[in-house]
Amino acid sequence: MLLLAAGNLLGASVACPGSDSVFRVAVDSGETLSQPSRFDRLATVSSVVSGGVEFLVGDGLADEIGLDGNGVCGYAEAPPGGFFLKIGVGLLQRGDDKAYDYHIAYPVHTPFPVQFTREDGYVQAVQRGEWKEYGYRYQKRYFCSAEERSLRIEYELQNKGLKPLTFNHYNHNFFKPLHTGDIVRVNFPLPVPPRYTNMAAKPGEIRLLRQDGYWSFEFPAERSAVIRLPNGVRIEPQTPVFRFALYSAPECISPELFTRFTCQPGETIRWSCRWSFP
């Protein structure tokens, strides 16, 4: 792992300021991600080691804007073979006349450049994008505290274009997998999970009936949310969320909390999330 001074660190892995020998957070540029047309290219947390234990797998704490098409600009107007903008990625190429589908690896025609730096007290990634009447500046800052064994990501999006930017955001949270019977604890009411989710619920608790499953639902109104994993990890967005999802597979567990915004031309939107580790 490289410890580098401020400057463009694309392709590097850097220790987040505040790390020590007991609690260590590594931030990688988004060039390392496995799905370049899906997750934002700015940066991802590739490793969190606390007390000698690694908590993350795969793409780590990867962010995505526009999972369901909100944050994908110009897709509806683009003909098959035409281009559209995805915030955090760049210009992508549409393949057919079907609706946007995050499962599809759309060709990245023009990746928007990223400035990835290690500053005094945090790691920062910034991307600027312009296309037709759309434009933005998207920034992420990563802070960690070895004393508190915590990580905080602060997000900022400025609308530099002529059209509003309507988008939703979530972090995929690729954590090491749980096992059948494990319990995820939450601070919000839970509906009855459909059978296909392979999950059971009672107030404040979700139990995995099998290692593989997926459950997603929207809240009646935006609200605060806290998730606690059985390994001691606590996830707490600092912004109200409108949707919860839990993805479980043999290779990972991914609790997901979604925020949504409309950013008018000239406006700046800020939000953040905090992770605590044992």
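# Notebook: an all-strand chain, its spaces and some side chains

I began with burial: 54% of the 278 residues of the protein count as buried. I note here that the model is predicted.

**Overall build.** I looked up the secondary structure next and found 0 helices and 23 strands. The C-alpha trace spans about 50 × 45 × 30 Å along its principal axes. I then compared the radius of gyration with the rule for a compact globule. For 278 residues the rule gives a value near 19 Å, and the protein has 19 Å, so the two agree. For contacts between residues at least 6 apart in sequence, I read off that 58% join residues at least 24 apart.

**Largest pocket.** I asked how much volume the largest pocket has. The value is about 250 Å³. The pocket is lined by 16 residues, and those closest to its centre are Arg38, His172, Phe174, Tyr247 and Glu256. By class I logged 8 nonpolar, 4 polar and 4 charged residues in this lining.

**Arginine 38.** Since Arg38 is on the list of residues closest to the pocket centre, I followed it up. Arginine 38 sits in the loop between β2 (23–29) and β3 (43–50). Is arginine 38 buried or exposed? Its relative accessibility is 10%, and buried means under 20%, so arginine 38 counts as buried. I looked for a side-chain partner and found glutamate 64, joined to arginine 38 by a polar contact of 2.9 Å between the side chains. Leaving out residues up to four places away in sequence, arginine 38 touches Glu64, Leu67, Lys86, Val89, Tyr102, Tyr170 and His172. Glu64 is thus in the contact list as well as in the polar pair. His172 is in the contact list of arginine 38 and is also among the residues closest to the centre of the largest pocket.

**Asparagine 173.** I checked backbone angles for positive phi outside glycine. Asparagine 173 has phi near 55°, a positive value in a residue other than glycine. Asparagine 173 is placed in the loop between β14 and β15 (183–186). With a relative accessible area of 3%, against a limit of 20%, asparagine 173 is buried.

**Arginine 149.** A second entry of this kind is arginine 149, with phi near 50°, again positive in a residue other than glycine. Arginine 149 lies in the loop between β12 (134–145) and β13 (150–159). I read a relative accessible area of 26% for arginine 149, so it is partly exposed.

**Cavity.** I then turned to enclosed space. How many cavities of 30 Å³ or more are there? The count comes to 1. About 130 Å³ of space lies in the largest cavity. Its lining has 15 residues, and the closest to the centre are His169, Asn171, Pro237, Leu257 and Cys273. I also noted which elements give two or more residues to this lining: β14 (165–171), β20 (234–237), β22 (252–263) and β23 (268–276). By class the cavity lining holds 9 nonpolar, 5 polar and 1 charged residues.

**Glutamate 222.** I moved to strand β18 (residues 213–223), where glutamate 222 is found. The relative accessible area of glutamate 222 is 42%, which means that it is partly exposed. Which side chain makes a polar contact with that of glutamate 222? The partner is arginine 260, at 3.1 Å. Not counting residues up to four places away in sequence, glutamate 222 touches Pro240, Val241, Phe242 and Arg260. I also took a C-alpha distance: glutamate 222 and arginine 243 are 21 residues apart along the chain, and their C-alpha atoms are separated by 8.0 Å.

**Glutamine 124.** My last entry is glutamine 124, which is in strand β11 (residues 123–131). I found 11% relative accessibility for glutamine 124, so this residue counts as buried. Its side chain makes a polar contact of 2.6 Å with the side chain of arginine 141. The residues that glutamine 124 touches, not counting those up to four places away in sequence, are Gln115, Phe116, Thr117, Glu119, Gln139, Lys140 and Arg141.

How values were computed. Residues are numbered from 1 along each chain as its sequence is written. This is a predicted model: local features need pLDDT of at least 70, side-chain atom pairs count only at pLDDT 80 or more; totals for chains, interfaces and linings use all residues. Side-chain values use heavy atoms; hydrogens and water are left out. Helices (H or I, at least four residues) and strands (E, at least two) are DSSP runs, numbered from the N terminus. Buried means under 20% relative accessible area, exposed over 50%, partly exposed in between (1.4 Å probe, protein chains only). A polar contact is a pair of N or O atoms within 3.5 Å; within protein, one must be able to donate a hydrogen and the other to accept it, and residues adjacent in sequence count only if both atoms are side-chain atoms. Contact means heavy atoms within 4.5 Å. On a 1 Å grid over the protein atoms alone, a cavity is a set of points where a 1.4 Å probe fits but cannot get out, and a pocket is an open set with protein on both sides within 12 Å along at least five of seven lines; lining residues have an atom within 4 Å of a point. Grid points are joined across faces, edges and corners, and a volume is the space filled by probe spheres set on the points. Ala, Val, Leu, Ile, Met, Phe, Trp, Tyr, Cys and Pro count as nonpolar, Asp, Glu, Lys and Arg as charged, and the others, Gly among them, as polar. The radius of gyration is taken over C-alpha atoms; the globule rule is 2.2 Å times the number of residues to the power 0.38.
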